Amino acid sequence: MDRRHVGMLLTVCDLHLEFVGFDGIAKVLDGVSLRVKAGEKVGLVGESGCGKTVTMKSILGILASPPARVTRGSILYKEWDILKVRKRGLPRVHGGGMSYVPQDPMSSLNPVFTIGTQMRDVLKYADAKLTGRRGKRSRLVAVEALARVQLADPERLLKSYAFQLSGGMQQRVLIAMGLLSHPELVIADEPGTALDVTIQAQILEMLDALVQEEGLALLIITHNLGVVNTLVDWVYTMYAGSIVEEGPTAGVFAGPAHPYTKALIACVPKLAGGGIGRGIPGRVPSYFAAPSGCRFGPRCVCAFDTCGLRKPEMTGVREGPGHSAACFLLEQDRTA
Amino acid sequence: MADLLVVANLQKQFRVASGFGRAGKRYVKAVEDVSFAVQKGETYALVGESGSGKTTVGYLVQGIYRATGGEITFKGISISDWQRSKGREWSRQVQLVFQNPGSSLNPARTIRQSFAVLQKAQNIGHGRRERETQCVRALENVELSEKYLYSYPHSLSGGEKQRVAIALACLSAPGLIVLDEPTSALDVSVQGKIIWLLTNLQQDLGIAYLFITHDLSLVRNVAGRTSVMYLGRIVESAETGDLFQHPLHPYTQALLSSIPVISDAEKDLLPARVTPHGEIPSPTDIPSGCAFHPRCPSAMPVCGETLPQGIDLGSGHWVCCHLATASAEPASDGEGGNDGQKSDVDQPGRVERIQ
């Protein structure tokens, strides 16, 4: 087992992943490394199209292959090497403590089955013992799970369909489902961002409390920097398929080191007013012809000639332990 | 300055199909009583949760829906008169930009064709050459080059599509553009550009914006005045800075305190956390009295009974809440439950001190 995985729950190590399509090969992930400790809350942020969801899906082992193809790297979860676990072994991994709360509550629940049926299906994988005897115990477990996410009248909820619930309730049901298998790691894709702010705040508070209570590790994937700041301990910034900055949340938000993180934080409208920045020029590059060297180079305001030549390494930021960024500016700083 | 758009006691009800055997007609009261005024060249924001009726107000102003009650006047002439005598002129004067640029542009038409449809429908420009230069100029306004004229929407990024939508809206030199969540489908990195373009266009062409959104931190940076809507009614409106520093309605406080912020300094700008109970009810059965009372953490018995009267607290700060009415009238000070709520109203003061 990898030395870096010791004491970690999840270790993604230098993951390279590409999609083979008719137009050629899209090199989407270009060296993603991230680690989640037990009981830690970790956030992965970036613009849409920068590979957050692909990273998440490869961690879950649910990317269709082909077209996806891992060319280098490893994903270690507890004692499993996810990339080597065969398809049939995956339910064992997921039953063994990794679960997922999907992005869009409205479209993630099946409209033609009741909440109860869908929860029983989850339990079937999570714990085979429960569903044996006519599902009586599984029903109790489901009711308890719904009560835990502060949903009133869980008995009635089990009989209702997804479309009868509001967005906030659907999101709570999904969180309840994610927690059914007593996971150690919950991966949440954009939790609450499809909802209104007041509901979003409620959901995030509840998620935080649940994670504390049960000592779960949480990996959230989002583009909302505010959500990251309020919820997580450790943050990874991702751009065009690679991690460009990581560090403790407070440190990264107080002193972002990578120009991309800086630009992203500057884009967020400030409550003190005074207008907002002009955003980041350009767009996330096409993965069929990704720029050489640092992929942020073409959009970066501080880019210089080295940036186009080779890929920058993760370099420690002087102030703040554990805070590091992949930028030549930092490397220069170090050598100077 | 004379008001460009005046909306007075606007109402809109939608009839709900009543099922078999169900007696009576049922209505969704999307907009119950909304009044506000937008001046020339200003940005006026309407904020609220989904289901609060803010988009319906936008559509009513643009004329997509016909109001059930109330009056909309634009440049002193009522909307029905505009539409009766010069319908085309109305649609030239008030334009709309939708939330999702991916679905508001016709995928089967090139950008040039989309422009052509608009030019023909609204009779803008004479002759092929003039219309062509109009399109190029419109694209220049949103910093897109001429080559985009002959591309299809699918080849554009989300931000570029929204810029095309804005260019289309500006083509007829409107007096007012209704912006319905113009950036909520886009990344923050693109949002900045769009807002910057909108601000520039406003300065150059003197367009007024009715900015409909649920993103409060965005509103803080773009709007001059802001109204907060809840279940078809405006509950509070004020100058944007004033609203953020002294939110008086518990709903406004709840909205503001729920904003996920990115620094501790910003957290200090927010009011103390107000957590509303549950979720926004369906507009088919709006609660009696103040519609927010079942969710309000400082609700009093009177809140469920009578609708509070809106009061003007000076300098354009208007609020519709029993708490504000009670504290504004010292005569009715004797009520027992008042003290707790008063401290609520006082909280904004605390925020100001920190600043």
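**Figure 1. The salt bridge between chain A and chain B.** In this predicted model, the count between chain A and chain B is 1 salt bridge. Arg273(B) is paired in this salt bridge with Glu205(A), and the closest N and O atoms of the two residues are 2.7 Å apart. On the side of chain A that touches chain B, helix H7 (167-179), H8, helix H9 (225-231) and helix H11 (259-267) of chain A each supply at least two residues. Of the elements on that side of chain A, H8(A) gives the most, with 7 residues.

**Figure 2. The contact between the two chains as a whole.** The contact draws 40 residues from chain A and 38 residues from chain B. The size of an interface is often given as the accessible area lost when the parts come together. Between chain A and chain B the buried area is about 3,200 Å², and carbon and sulfur atoms give 56% of this area. The polar part of the picture includes 12 residue pairs in polar contact between chain A and chain B, counted where both residues are at pLDDT 80 or more.

**Figure 3. Thr198(A) and its neighbours in chain B.** Thr198(A) is a residue of helix H8 of chain A, and the view is centred on its surroundings. Is Thr198(A) buried or exposed? Thr198(A) counts as buried because its relative accessibility is 1%, which is under the 20% that sets the limit for a buried residue. The side chain of Thr198(A) is in polar contact with the side chain of Glu49(B), at 2.6 Å. Leaving aside residues up to four places away in sequence, Thr198(A) touches Glu49(B), Ala254(B), Leu255(B), Ser258(B), Pro276(B) and Arg295(B).

**Figure 4. Two residues other than glycine with positive phi, one in each chain.** Glu190(A) has a phi near 50 degrees, which is a positive value in a residue other than glycine. Glu190(A) has its place in the loop between strand S7 (185-189) and helix H8 (197-214) of chain A, and Glu190(A) is buried, with a relative accessible area of 5%. In chain B, Lys75(B) has a positive phi of about 50 degrees although this residue is not a glycine. The loop that holds Lys75(B) runs between strand S4 (69-74) and strand S5 (77-78) of chain B. Lys75(B) is partly exposed, with a relative accessible area of 46%, whereas Glu190(A) is buried.

**Figure 5. The open sheet of chain A and one of its strand pairs.** Strands of a sheet pair through backbone hydrogen bonds, either parallel or antiparallel. Here 4 strands of chain A form an open sheet in the order S2-S1-S4-S5, with antiparallel pairing. Strand S2 (24-36) and strand S5 (80-81) of chain A are the edge strands, each of which pairs on one side only. Strand S4 (residues 68-77) of chain A pairs with S5(A) in the antiparallel sense over 2 bridges, and Leu76(A) stands opposite Asp81(A) in S5(A).

**Figure 6. Gly31(A) in an edge strand.** Gly31(A) lies in strand S2 of chain A, which is one of the two edge strands of the open sheet. Gly31(A) counts as buried because its relative accessibility is 14%, which is under the limit of 20%. Although Gly31(A) and Leu17(A) are 14 residues apart in sequence, the distance between them in space is 8.4 Å, C-alpha to C-alpha. When residues up to four places away in sequence are not counted, Gly31(A) touches Asp14(A), Leu15(A), His16(A), Gly241(A), Ser242(A), Ile243(A) and Lys311(A).

**Figure 7. Helix H1 of chain B, with the chain around it.** Chain B has 13 helices and 12 strands, and buried residues make up 52% of its 355 residues. Helix H1 (residues 54-62) of chain B is mostly covered, with 8 of its 9 residues buried. The buried residues of H1(B) are Lys54(B), Thr56(B), Val57(B), Gly58(B), Tyr59(B), Leu60(B), Val61(B) and Gln62(B). H1(B) is followed by Gly63(B), which has a positive phi near 95 degrees. Among contacts in chain B between residues at least 6 apart in sequence, 64% join residues at least 24 apart. The area that chain B exposes is about 15,300 Å², and carbon and sulfur atoms supply 49% of it.

Technical notes. Residues are numbered from 1 along each chain as its sequence is written. Chains are lettered from A and ligands numbered from 1 in the order in which they are written. This is a predicted model: local features need pLDDT of at least 70, side-chain atom pairs count only at pLDDT 80 or more; totals for chains, interfaces and linings use all residues. Side-chain values use heavy atoms; hydrogens and water are left out. Two strands pair if DSSP finds at least two bridges between them. Buried means under 20% relative accessible area, exposed over 50%, partly exposed in between (1.4 Å probe, protein chains only). A polar contact is a pair of N or O atoms within 3.5 Å; within protein, one must be able to donate a hydrogen and the other to accept it, and residues adjacent in sequence count only if both atoms are side-chain atoms. Contact means heavy atoms within 4.5 Å. Accessible areas come from the Shrake-Rupley method with a 1.4 Å probe; for residues, only the protein chains shown count as cover. Buried area is the accessible area (1.4 Å probe) that two parts lose on being put together, summed over both. A salt bridge is a side-chain nitrogen of Lys or Arg within 4 Å of a carboxyl oxygen of Asp or Glu.
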